[in-house]
Amino acid sequence: MASGYGLSGGPSRCFPFWQELLACYVVNTNTDDVTGAKKCVPALEDYYECLHHRKEKARAIELQRAYRRAEAAHPRENAPRPGAIRNLGLLDREEDTKDVLGTNRSITAGNGN
């Protein structure tokens, strides 16, 4: 949060990153020379990542893409049909459930099994 306090009243989740960035600026810059601020770029990136999670989101998207590519390249054998997943016996369709589970046992509603 902008106040520096988190939702529960303590320090915000990014406060340690802010302290690290501020310490870097204090050590590496002065009023006459601000060229030392270039040394603080990694700390600034860490602070921005904590605030916005851009790198984390980009990595998650790339992982999803890679998973989908691998899944498309090697489709599952014996994958259930989308219609077979639909009810699994919850809507008085025991035949579909038996087909999905591959069993011949009877599934009745309300017996706790």
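This is a short talk on a predicted model of a protein, going from the overall fold to a core, a helix, a turn and some charged pairs.

Let me begin with how the values were obtained. Because the model is predicted, local features need pLDDT of at least 70 and side-chain atom pairs count only at pLDDT 80 or more, while totals for chains, interfaces and linings use all residues. Residues are numbered from 1 along each chain as its sequence is written, and side-chain values use heavy atoms, with hydrogens and water left out.

First, the overall picture. The protein has five helices and zero strands, where helices (H or I, at least four residues) and strands (E, at least two) are DSSP runs numbered from the N terminus, and along the sequence the pattern reads α-α-α-α-α. Of the 113 residues of the protein, 15% count as buried; here buried means under 20% relative accessible area, exposed means over 50%, and partly exposed lies in between, with a 1.4 Å probe and protein chains only. The accessible surface comes to about 9600 Å², and 56% of that belongs to carbon and sulfur atoms, with areas taken from the Shrake-Rupley method with a 1.4 Å probe and, for residues, only the protein chains shown counting as cover. If we take contacts (heavy atoms within 4.5 Å) between residues at least 6 apart in sequence, 22% of them join residues at least 24 apart.

Now to the interior. Which residues make up the largest nonpolar core? There are seven of them, namely Cys14, Leu21, Cys24, Cys40, Ala43, Tyr47 and Cys50, a nonpolar core being a set of buried Ala, Val, Leu, Ile, Met, Phe, Trp, Tyr and Cys residues joined through side-chain atoms within 4.5 Å. The elements that give two or more residues to this core are α1 (15-28) and α2, and α2 gives the most, with three residues.

Two core residues deserve a closer look. Leucine 21, leaving aside residues up to four places away in sequence, touches Cys40, Ala43, Leu44 and Tyr47. Cysteine 24 lies in helix α1 and counts as buried because its relative accessibility is 14%. With that same sequence neighbourhood of up to four places left out, cysteine 24 touches Lys39 and Cys40, and its C-alpha atom is separated by 10.0 Å from that of lysine 38, which is 14 residues away along the chain.

Let me turn to α2 itself. At 1.5 Å a residue, its twelve residues should span 16 Å, and the end C-alpha atoms are indeed 16 Å apart, which agrees; the expected span is 1.5 Å times one less than the number of residues. Within α2, Ala43, Tyr47, Glu49 and Cys50 are buried. These residues cover an arc of only 160 degrees around the axis, so they lie on the same side of α2, the arc being that of the directions from the helix axis to the C-beta atoms. The buried residues of α2 pack against α1 and α3.

By contrast, α3 is hardly covered, since the count of buried residues among its 20 residues is zero. Its end C-alpha atoms are 29 Å apart, where 28 Å would be expected for 20 residues at 1.5 Å each, and the two values agree.

Where does histidine 53 sit? Its place is in the loop between α2 (41-52) and α3 (54-73), and although it is not a glycine, histidine 53 has a positive phi of about 55 degrees. Its relative accessible area is 28%, so histidine 53 is partly exposed.

Finally, the charged pairs. How many salt bridges are there? The count comes to three, a salt bridge being a side-chain nitrogen of Lys or Arg within 4 Å of a carboxyl oxygen of Asp or Glu. In one of them, the side chains of glutamate 45 and lysine 55 meet at 3.7 Å, N to O, and this pair links distant parts of the chain, with glutamate 45 in helix α2 and lysine 55 in helix α3, ten residues apart. Glutamate 45 counts as partly exposed at 42% relative accessibility, whereas lysine 55, at 51%, counts as exposed.

Glutamate 62 forms a salt bridge with arginine 65, the closest N and O atoms being 3.5 Å apart; because the two are three residues apart in helix α3, about one helical turn separates them. Glutamate 62 also forms a salt bridge with arginine 69, with 3.4 Å between the closest N and O atoms. Salt bridges that share partners thus join Glu62, Arg65 and Arg69 into one network.
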